[in-house]
Amino acid sequence: HPYDIYSAVTMASVAILAHRSILNGNASYDIPDFHLEECRKLYANDRQTPFWGSDGSAPNIPCCSKTDYKPTEEQLKNFNEALKR
């Protein structure tokens, strides 16, 4: 296969770091080379997420550039119901 775990994680990190860039005024981020241990260590304890946890924990970074966005009660209800399926 032309793809391995490193290429998959690199592709995902592009989207994740693009999101963070938007939240930080279009700050530049280097795309890590996860083949290198020092790059893996930089992100080993990274727990920033725009997603609600399956335990109901709130996101710790905004989900979009509209940083005051909050899901409606109905959206949260639908989300929690989807988690149960």
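**Notebook: salt bridges and helix α1**

Glu-81 and Lys-77 sit four residues apart in helix α3, so about one helical turn separates them. I'm working from a predicted model here, and I'm keeping that in mind.

**Entry 1: the α3 pair.** I looked up whether the two side chains meet, and they do: Glu-81 and Lys-77 form a salt bridge at 3.6 Å, N to O. The spacing helps me see it, because an α-helix has 3.6 residues a turn and residues three or four places apart point the same way. Next I checked accessibility. Glu-81 comes out partly exposed, with a relative accessible area of 34%. Lys-77 is partly exposed too, at 48%.

**Entry 2: the α2 pair.** Which residue forms a salt bridge with Glu-37? I found Lys-41, with the closest N and O atoms 3.7 Å apart. These two are four residues apart in helix α2, so again about one helical turn lies between them. Glu-37 counts as partly exposed at 46% relative accessibility. Lys-41 is exposed, with a relative accessible area of 56%; the cut-off for exposed is over 50%, so Lys-41 gets that label.

**Entry 3: the pair that links distant parts.** Arg-20 forms a salt bridge with Asp-46, and their closest N and O atoms are 2.6 Å apart. Where do the two partners sit in the chain? Arg-20 is in helix α1 (residues 5-23), while Asp-46 is in the loop between α2 (37-43) and α3 (73-84). That puts them 26 residues apart, so this bridge links distant parts of the chain. Is Arg-20 buried or exposed? Buried, with a relative accessible area of 9%. Asp-46, on the other hand, counts as partly exposed at 25%. With this pair noted, my tally agrees with the count for the model, which is three salt bridges.

**Entry 4: a closer look at α1.** Since Arg-20 is in this helix, I stayed with α1 for a while. Helix α1 has 19 residues and reaches 27 Å from its first C-alpha to its last, close to the 27 Å expected at 1.5 Å a residue. Arg-20 has company among the buried residues of α1: Ser-7, Ser-13, Leu-17, His-19 and Ser-21 are buried as well. What covers them? Helix α2 is part of the answer.

**Entry 5: the two ends of α1.** At the start of α1, a side-chain oxygen of Asp-4 reaches to within 3.1 Å of the backbone nitrogen of Tyr-6. Just after α1, I noted that Gly-25 takes a positive phi of about 65°.

Note on methods. Residues are numbered from 1 along each chain as its sequence is written. This is a predicted model: local features need pLDDT of at least 70, side-chain atom pairs count only at pLDDT 80 or more; totals for chains, interfaces and linings use all residues. Side-chain values use heavy atoms; hydrogens and water are left out. A salt bridge is a side-chain nitrogen of Lys or Arg within 4 Å of a carboxyl oxygen of Asp or Glu. Buried means under 20% relative accessible area, exposed over 50%, partly exposed in between (1.4 Å probe, protein chains only). The expected span of a helix is 1.5 Å times one less than its number of residues. Contact means heavy atoms within 4.5 Å. A polar contact is a pair of N or O atoms within 3.5 Å; within protein, one must be able to donate a hydrogen and the other to accept it, and residues adjacent in sequence count only if both atoms are side-chain atoms.
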